[in-house]
Amino acid sequence: MKRLWARTGAFDRPSRLLMVNQFAINLGFYMLMPYLADHLAHGLGLAAWAVGLVLGVRNFSQQGMFLFGGTLADRYGCKPMILTGCALRAVAFGLLAVADSLPALVAASALTGLAGALFNPAVRAYLAADAGEERRVAAFAAFNVFYQAGVLAGPLAGLALLTWDFGAVCTVAALVFGALAVLQARALPARPPAGRSGEPAWRAVATDWRTVAANRPFLLFAAAMSGSYVLAFQVYLALPLHARALFGQRTGAVTGTVFAASALAALAGQLKLTAWAQRTLTGPQAVACGLAVMGAAFLPLLPRSRGALAGAVALTLCAVLLACGGALLYPFEMDTVVRLSGDRLVATYYGAYSTASGIAVSLGNLAVGALFDTGVGWLPWAALTATGFGCAALVVRLHRAGHLVARPAPVAG
């Protein structure tokens with residue numbers, strides 16, 4: 001903890017504020033979202049298709065709008081998008097506290113996703129600019145510690161609030177985001193927009209998007225990294241499915257333990273892993289190593305478990321290795337996106353990168369689900385392992401071909 005405070009204190013006030021902001025964002029989000037499906041199904045009595053619709057709208061509105069959110073941040077400034085996103089999420093969570101009809105729930109879910117699409121690229125672009133090229137990797141390492149701390153604390157806070165009711169969870173989460181909007185309106189300095197020009201907005205946006213689409217090294221890197229997001233998401237999909245097969249009705253406790261172990265591993269290892277990688281590896285090498293570790297995380301699940309204890313150990317080891325691999329690559333991944341952008345339209349690049357990752361997760365989850373349906377127990381784990389190793393090999397190849405070297409990004413005419 002002392003090391004974290006020392007690292008955080010070395011950054012300027014805006015960076016420190018954004019790190020604390022990310023902790024609070026995840027605290028508010030994760031105190032509510034893990035319990036939303038149960039509230040919809042059992043608290044409100046919605047049919048399974050309606051629950052899926054509400055959750056799917058949230059995911060689609062966020063992943064599908066990341067590019068728009070990043071573009072707006074470059075056009076109008078990061079601070080307005082951060083404030084708007086936090087305010088929108090406060091409204092959305094307040095609506096979830098009182099909504100009991102499907103149209104209202106769908107609207108609240110769409111607003112929740114849109115809010116994330118607005119502030120996520122803006123926060124990362126602002127942090128990258130404020131930290132500067134020399135400290136960008138260290139800034140994103142510290143940022144990820146606050147991020148993971150929010151992921152860990154949020155569900156615990158939500159569980160405590162559920163002793164009252166789900167409305168209390170929504171209300172407190174809304175207050176968290178409302179307080180964030182007020183705090184940042186007062187304390188976060190405004191930065192001039194990155195993409196302001198004299199041409200009409202629609203034409204300027206089209207030019208920005210063509211610029212991103214013409215940046216072949218960025219597109220290749222985004223494609224190579226898409227597997228990391230598929231692998232990381234398996235904490236929510238493949239590992240709970242495997243836990244259900246092993247432990248039946250005790251799945252909830254096992255999954256919660258695995259989830260906590262994952263977050264704690266990222267919290268404990270992030271700064272040490274980043275410091276080690278900065279001493280011994282280049283940025284692309286750190287990314288490739290992180291991907292390889294994420295792929296290797298699924299190897300303990302390949303053998304058939306010989307009992308509950310062995311199964312629990314394998315699940316926990318998988319989650320810890322996934323977290324460590326993600327912690328190793330994350331700061332260098334974020335830095336690479338900025339370098340490949342040529343330090344222009346950074347929020348737009350982050351938005352495009354997040355949209356591509358979201359599409360990859362959706363397609364990857366369909367594939368993982370299909371592999372589980374085959375009934376061949378080792379097949380999903382083998383495929384996920386191959387994904388990690390394959391993506392690592394792609395990053396190494398891109399690095400050797402010179403595609404990950406910082407250079408001026410292409411500008412569409």
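**Figure 1. Helix α5 and the glycine that follows helix α5.** G77 comes after α5 and has a positive phi, near 105°. The model is predicted; local features need pLDDT of at least 70, side-chain atom pairs count only at pLDDT 80 or more, and totals for chains, interfaces and linings use all residues. Residues are numbered from 1 along each chain as its sequence is written, and side-chain values use heavy atoms, with hydrogens and water left out. Helices (H or I, at least four residues) and strands (E, at least two) are DSSP runs, numbered from the N terminus. Helix α5 covers residues 66–76. Its buried residues are F66, G69, G70, T71, A73, D74 and R75. Buried means under 20% relative accessible area, exposed over 50%, and partly exposed in between (1.4 Å probe, protein chains only).

**Figure 2. The ring pair F68–W209.** A search of the whole structure gives 13 aromatic pairs. In the pair of F68 and W209, the ring centres lie 5.2 Å apart and the planes meet at 80°, so the pair is edge-to-face. Rings of Phe, Tyr and Trp (its six-membered ring) pair if their centres lie within 6.5 Å; planes under 30 degrees apart count as stacked, over 60 as edge-to-face and the rest as tilted. Because F68 belongs to helix α5 and W209 to helix α9 (residues 201–213), the pair ties together parts that are 141 residues apart in sequence. F68 is partly exposed, with a relative accessible area of 39%. W209 is also partly exposed, at 28%.

**Figure 3. The ring pair F221–Y353 and its cluster.** The rings of F221 and Y353 have centres 6.2 Å apart and planes at 20°, so this pair is stacked. F221 sits in helix α10 (residues 216–233) and Y353 in helix α15 (residues 346–373), and the pair links these distant parts of the chain, 132 residues apart. F221 counts as buried at 0% relative accessibility, and Y353 counts as buried at 2%. Ring pairs join F218, F221, Y229, Y349 and Y353 into a cluster.

**Figure 4. Positive phi values in the loop between α14 and α15.** D343 lies in the loop between α14 (308–340) and α15. Its phi is positive, near 60°, in a residue other than glycine. L345, in the loop between α14 and α15, is not a glycine but has a positive phi of about 50°. D343 is exposed, with a relative accessible area of 55%, whereas L345 is buried, at 4%.

**Figure 5. The surroundings of Q22 in helix α2.** Q22 is placed in helix α2 (residues 13–30). With a relative accessible area of 1%, Q22 is buried. Apart from neighbours within four places in sequence, Q22 is in contact (heavy atoms within 4.5 Å) with V123, R124, F143 and Y147.

**Figure 6. The protein chain as context for the close-ups.** The chain has 16 helices and zero strands. Its radius of gyration is 21 Å, close to the 22 Å that the globule rule gives for 413 residues, so the chain is as compact as a globular protein of that length. The radius is taken over C-alpha atoms, and the rule is 2.2 Å times the number of residues to the power 0.38. Of the 413 residues, 51% count as buried. The C-alpha trace spans about 60 × 50 × 45 Å along its principal axes.
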